[in-house]
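Here is a friendly walk through one model, meant to be read with the structure open beside you. We will start inside and then work through sheets, hairpins and a few backbone details.

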Amino acid sequence: MRKLTVMLLVCLITIGQAWAQTRTVTGKVTDENGAPIAGASVTVKGTNVGTTTDDAGVFKLDVPATAKTLTISSVNYRGQDLAIGSRTTLDAVLAAQSSNLDEVVVTAYGTTKKPDVVGSIAKVNSEVLENRPFTSVDKTLQGQVAGLQVSSGSGQPGAATDIRIRGFSSISAGNAPLWVVDGIPILTGDASRLTTTANLLSTLNPNDIESISVLKDAQATSLYGSRGANGVIVVTTKSGKAGKTKFTFDTEVGYSDIAYQNPDYTPANAAQYFELTREGLINAGIANAGNVDAIMASNFGFGNGQDFNWLENTTRRGQQQQYNIGMNGGNDKTTFNLSGGYFRQEGITIQSNFERFSAALNLRHKINKKFSVFLTSNLGVAEQQAPLAGGAFGNPVLSSYFLLPSRNAYKPDGSFNITAPDFGPGSLHNTIYTAATDKRSLRQNSIRGTIGGEYEIIDGLKFTTRYGIDYNVLEEDQYNNPFHGDGFNVSGRAFFYYTRYTTWTWTNMLDYTKALGKAEDFTLNVKLGYEANKSTGIFSNVQSQGFPPNTALIVPSVGASPIQSTRTGSDYAFVAAPFSLLSVNYKDRYVISGSYRRDGSSRFGENNIWGDFWSVGGTWNIDREGFMENQRIFDQLKLRATYGVTGNANIGNYDARALYGYGANYNQTTGSTITNAGNPNLTWENNEQYNFGIDFAILKNRISGSFDYYNRLSTDILLNEPLPPTTGLGSVSNNVGEMVNKGVELLVNVVPVQTRDFKWDISFNYARNKNEIKKIATGQEQTLNGIYIWRPGYDYQTIFVRQWAGVDPANGDPLWYVDDTKTATTNNYNAAQRSREFGSATPKYFGGFTNNLTFKGITLGAQFVYSGGNYVRDSWGGFYAGSGNGGAFGKVVRQVNERWRNPGDNATFPKYVYNGNKLAQNFSTFYLNKGDYLRLRDITLGYNLPKSLISKIGLTNVNIYARGANVWTLVKDKNLPWDPEQGVDAQSNLDVFIPKTYTIGLNLGF
């Protein structure tokens, strides 16, 4: 006990001495006009000791006795170093700059000043994300970052979005980037199991985000080890700032309509349909001129006087609104940010809606000079109604093209028409009725949050512990009425699916920063950490059928016949032991950085549980060299080079395990069987990437940007290798494939005009990627879904297709080229060889550019996105434009206007023959269109009311604006049937139409 008392006294004396060796420095930070700069960063150079200025530009900081220099910086101002000496008061005047060269960028497990960034990182600020008419933050990133491809084939509010960073790295594993919110990896993508499409990110309010960093190369992502191969998107939510409490209120209302519509692909009306059908029945020999009208009357409703436009009645003008309120403030001890939001959007197809409630809280409290704690939390509740898609009879988009215009959705008395002869058993559904009576809903509840603390052990050495949770619950309901539609044959049915994902992450990290050398020319930063992560999924399914003859009782417990009642689970775990980073900076001229992470994962075989991931890189800030001091051209000139290895662990949780499954039928009794062969040697897919880049700014930062070249080699790609039939299993997963991505990325920012009252900003980004498979599992090639081919030397999404040769003018037959020489044609579909040389579904290039004009309080901004070099497949064209295939289905106007009719016609479509003309409906290049497009993604006109006017009523900011999203689209191929955005696989699936949106909004600050 005595020894313990002595030790405690020694500790107290030591701590007391340490505290006694600090002193307080105060000061004020202003601009060149004497105006205070609020929120400026004030730090002791070479340490983590620091604070920020209040609204008056004043700061107060306790500094160690050994401190020599204060570094003061703020966004849009040139940073400044001030010698402390014996002074206790230091004032700083910062010069304005038109670029943000000293801006702080969020990187992996920390932040870095922009000139010190070694890796390829792009930053997106909050003003790009806020008050956008999109349901999730991933959609707002389209066109904002070079090399970041964002595409969604569905306009369903809350739909999943495909994101790729520098192409595809894997064939069978996941290709989506890792998302990290406030330091915690989160689950993203579509976790629904009953809903057509959903997005876990739709519960996160974009207005709660401060910034997003997109980490692209190995040096930037390697600290995330086995999950960094596809890039990392780091989200930082809004935090509190010391000073007077500030309030914000934003509102936006508007409506949506169809963004792109080809008039040639609108449904044919009744007269046009019967013109085709009459011709097709005669051409097929089913009818002649004498009886064709009678056949059409008895089978297709000819002569009933109906001409119902299904497209007009299954689409609508969708209404939209959102409201957000926020509160931000604090003092030198405690800062906070609190916000709440509401968002509602109607889809432009019936039975399509989305609604979200959200709240966020960010707290940081400084207990004493060394110890602080923090809390971040983000809550979201989203409810979504989504119709069926693709070939489902209940899909309202499909029905608007497939249902005949002679079939009216309503009877003469105004009631729904759901009976024969228009809607008999087995026919397409009256989706207007099913949309009114059936139920298809999803409710998502998400909690994302962290709690932790920081302790400064000694000057420059900080320990941070952070515990985070990502909690998602999905409840999906489906009810199909007993009178008509999918539930008719079973007297009604209902489903309820429950999904819960609980993911926790605990991170502990030491961060040491120290200025070295007599002149403090060197700055050393070392990070050393340990991280553990576990995710558990729980899944429950309930289904019943046989419902009472009404539409009021809709839950599964009402059904007379239980069909399904299951509960399953799945989990995985990762551990990083350790992860580390070492960075050395010499006079802000040269920066060398290296990282290492050792990951273990439950997903991989017992012989390869652990993997090693690392990176090295360096940067040379040429503009900081002495020989650049007197030149007047370059404000920034920086070279970067990096190389590293990351991993892809985005596979099934139990792919490496030998699994047994129960529930099999063995001689009419319960049996079990092997369900997975397992592979104890299964391991990560590796991603080796090198990157060369240059950052530049010239002519007083009027022109700035960056250029990157990368080479990204994926090895040990997971593919299925065939097993002998005697095993009873078809294949086993193994690390056998290789693939490479090479590309360039360009970003250019230009300020053509800048005066006191007027400024014009232009930003342009461009990305070009070439993908090539180097090695596959067995043989020389494999086909996927009868559409793509995997073959060494070819793109991952190379289309394997017969080439269309046109229509025979003599007889109207469809023609295909026999082979790639295109010297001979055939009217026998099966005699034509499939080509690997036609093209790919992957764009060769894509990007975006913006123009922003500011004149006094008026702002006008326009953002365009573009993409090209790929082909888009019309997946269902063989039915509504298949020259008679599916004769009982509706047709499009182009089929009517461009078909062959008489010998000598140079027609687009073959002779119309009821039930098809020699397989003209089968997949060929006829159903492929160039996907090149240019789209006005966003245009905004706003006005900031003068501060002299609004300050009289206690307001600090008033902005009113009008905005349009996706308001104009230019396509290269005028025969493109659908919107050019159809997801990364570029295949249309009759989804909810992508919307164009018009809104007006108001932002208030007080």
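## The nonpolar interior

In this predicted model, the largest nonpolar core has 49 residues, and those with the most contacts inside it are Tyr-401, Phe-402, Tyr-880, Leu-990 and Phe-993. Four elements give two or more residues to this core: helix 7 (310-314), helix 8 (396-402), strand 39 and strand 45 (871-873). Helix 8 provides the largest share, with 4 residues.

Phe-402 is a good residue to click on here. Leaving out residues up to four places away in sequence, Phe-402 touches Leu-428, Trp-876, Phe-879, Tyr-880, Ala-888, Phe-889, Gly-890 and Leu-990. Another core lies apart from this one; it has 20 residues, including Ile-163, Ile-165, Leu-201 and Ile-233.

## Two open sheets

Strand 39, already met as a contributor to the largest core, also belongs to a sheet. That sheet is open, has 3 strands in the order 39-40-41, and its pairing is antiparallel. Strand 39 (804-807) and strand 41 (825-826) are the edge strands, each pairing on one side only. Strand 39 and strand 40 (residues 814-817) run antiparallel and are joined by 3 bridges. To find the register on screen, look for Trp-804, whose bridge partner in strand 40 is Trp-816.

A second open sheet has 4 strands in the order 3-2-5-6, again with antiparallel pairing. Why is one side of strand 3 and of strand 6 left without a neighbour in the sheet? Strand 3 (50-52) and strand 6 (80-83) stand at the edges and each has a single partner strand, so one side of each stays without a neighbour there. On average, neighbouring strands of this sheet are turned by 20 degrees against each other, direction ignored.

Within this sheet, strand 2 (residues 41-44) pairs with strand 3 in the antiparallel sense over 3 bridges. Ser-41 stands opposite Thr-52 in strand 3.

As a reminder for viewing any such sheet, in a regular strand the side chains alternate between the two faces of the sheet.

## A closer look at Val-44

Val-44 lies in strand 2. Is Val-44 buried or exposed? Its relative accessibility is 3%, and because buried means under 20%, Val-44 counts as buried. If neighbours within four places in sequence are set aside, Val-44 is in contact with Val-49, Leu-61, Val-63, Pro-64, Ala-67, Thr-69 and Leu-70. For a sense of distance across the chain, Val-44 and Val-373 are 329 residues apart in sequence and 21 Å apart in space, C-alpha to C-alpha.

## Strands 26, 27 and 28

Next come strands that follow one another along the chain. Strand 26 (residues 561-586) and strand 27 (residues 590-601) run antiparallel and are joined by 11 bridges. Phe-579 stands opposite Arg-597 in strand 27. The hairpin of strand 26 and strand 27 has 3 residues between the strands, and in it Lys-587 takes a positive phi near 55 degrees.

Strand 27 is also joined to strand 28 (residues 610-621) by 11 bridges, and these two run antiparallel. Here the bridge partner of Arg-598 is Asp-612, in strand 28.

## Backbone details worth a click

Two cis peptide bonds can be inspected in the model; this table shows where each proline sits.

| Peptide bond | Omega | Place of the proline |
|---|---|---|
| Ala-420 to Pro-421, cis | near 10 degrees | Pro-421: loop between helix 8 and helix 9 (431-437) |
| Ala-577 to Pro-578, cis | near 5 degrees | Pro-578: strand 26 |

Two lysines in loops round off the tour. Lys-700 is not a glycine, yet it has a positive phi of about 55 degrees. Lys-700 is found in the loop between strand 32 (685-698) and strand 33 (703-722). With a relative accessible area of 68%, Lys-700 is exposed.

Where is Lys-856 found? Lys-856 is in the loop between strand 43 (845-855) and strand 44 (858-868). Although Lys-856 is not a glycine, its phi is positive, at about 50 degrees. Lys-856 is exposed too, with a relative accessible area of 58%, where exposed means over 50%.

Technical notes
Residues numbered from 1 in each chain as written. Predicted model: local features only at pLDDT ≥ 70, side-chain atom pairs only at ≥ 80, totals over all residues. Heavy atoms only, no water. Pairing = 2+ DSSP bridges. Axes fitted to C-alpha atoms, helices over the stretch in contact; angles between N-to-C directions. Core = buried A, V, L, I, M, F, W, Y, C linked by side-chain atoms within 4.5 Å. Buried < 20%, exposed > 50% of the residue type's maximum accessible area, 1.4 Å probe, protein only. Contact = heavy atoms within 4.5 Å.
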